[in-house]
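Open the model in your viewer and keep the selection box handy. We will go from an open space to a sheet, and then to a helix.

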Amino acid sequence: MKYTAIVDYGVGNLKSVANAMAYIGQRTLVTGDAKELERADAIILPGVGAFPDAADKLYESGLNQALAAQAGRKPILGICLGMQLLFDRGEEGRICEGLKLVSGSVKRIQTDLKLPHIGWNSLSFQNDSPLFCGLEDGAYVYFVHSFCGCAAYENDVIARTQYGPSVVAAVSRNGVYGCQFHPEKSGVVGLQILKNFGELIQ
């Protein structure tokens, strides 16, 4: 039976993601083993916290190489900080390298509104993606973040939201997907997004 590996690298809301996937009937394995990532049919990279700490853990464990090796071979979904780590580099606290799977950098949101941005915001879809199949433009999802991805290529952006300025909410490049919001905390809409991701391996 096909399954999705949820990457355990010491930074992430692993249980809530695993529970959401189980709820929609998707088999998962929480693991920090590079060989399990190779065996899995898809990968989810969750994340909560600061970019430098998370990047350090990925590089120290060698999981950065494992993820890079699987990119393009199977669907990968980064969630929240996990999405930010997909970019070339982050500028939170100090400049450090990301996974370099999506071109661009992660910067503090330039807004007069309160940070972190916490709450429900609507999505504006662009550049059609299977991740949002069955959803209507304007669907609401749940965000918790102060930094956002700034994509080098607009073709990689599949959804935006407004928080003062327009903010990248989701990206897609060569089978690698990222959601700045938390689909596992976004009710029916989030479950549909996770279901759509799971169907990429059916």
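A pocket here is an open set of grid points where a 1.4 Å probe fits, with protein on both sides within 12 Å along at least five of seven lines. Keep in mind as you click around that this is a predicted model.

**Stop 1: the pocket.** Begin with the largest pocket, which holds about 210 Å³ of space. Which residues lie nearest its centre? Select Gly49, Cys80, Val144, His145 and Ser146, which are among the 15 residues of the lining. Now colour the lining of the largest pocket by class: you should find 6 nonpolar, 7 polar and 2 charged residues. Helix H5 (81-84) and strand S10 (140-145) are worth showing as ribbons here, since each supplies at least two residues of that lining.

**Stop 2: the sheet.** Next, show the open sheet of 8 strands and trace the order S2-S1-S3-S4-S14-S13-S12-S9, where the pairing is mixed. Look at its edges: strand S2 (28-31) and strand S9 (124-125) each have a single partner strand, so one side of each has no neighbour in the sheet.

**Stop 3: around S14.** Select strand S14 (residues 176-179) together with strand S13 (residues 166-173); the two run antiparallel and are joined by 4 bridges. Across from S13, Ser172 stands opposite Tyr177, and Ala170 stands opposite Cys179. The hairpin of S13 and S14 has 2 residues between the strands, and Asn174 takes a positive phi near 50 degrees there. Then add S4, which pairs with S14 in the parallel sense, also over 4 bridges. Leu77 has Tyr177 as its bridge partner in S14.

Turn on the side chains of S14. In a regular strand, side chains alternate between the two faces of the sheet. Val176 and Gly178 point one way while Tyr177 and Cys179 point the other way, and all are buried.

**Stop 4: helix H1.** Finally, select helix H1 (residues 14-23). Which of its residues are buried? Leu14, Val17, Ala18, Ala20 and Met21 are, each with under 20% relative accessible area. These residues cover an arc of only 160 degrees around the axis, so they sit on the same side of H1. Rotate to the face turned away from the buried side, and you meet the exposed residues Lys15, Ala22 and Tyr23.

To see what covers the buried residues of H1, show strand S1 (4-7), S2, strand S3 (42-45), strand S4 (76-79) and helix H6 (187-198), which are included in that cover. One last click: Gly25, just after H1, takes a positive phi of about 85 degrees.

How values were computed. Residues are numbered from 1 along each chain as its sequence is written. This is a predicted model: local features need pLDDT of at least 70, side-chain atom pairs count only at pLDDT 80 or more; totals for chains, interfaces and linings use all residues. Side-chain values use heavy atoms; hydrogens and water are left out. On a 1 Å grid over the protein atoms alone, a cavity is a set of points where a 1.4 Å probe fits but cannot get out, and a pocket is an open set with protein on both sides within 12 Å along at least five of seven lines; lining residues have an atom within 4 Å of a point. Grid points are joined across faces, edges and corners, and a volume is the space filled by probe spheres set on the points. Ala, Val, Leu, Ile, Met, Phe, Trp, Tyr, Cys and Pro count as nonpolar, Asp, Glu, Lys and Arg as charged, and the others, Gly among them, as polar. Two strands pair if DSSP finds at least two bridges between them. Buried means under 20% relative accessible area, exposed over 50%, partly exposed in between (1.4 Å probe, protein chains only). The arc is that of the directions from the helix axis to the C-beta atoms. Contact means heavy atoms within 4.5 Å.
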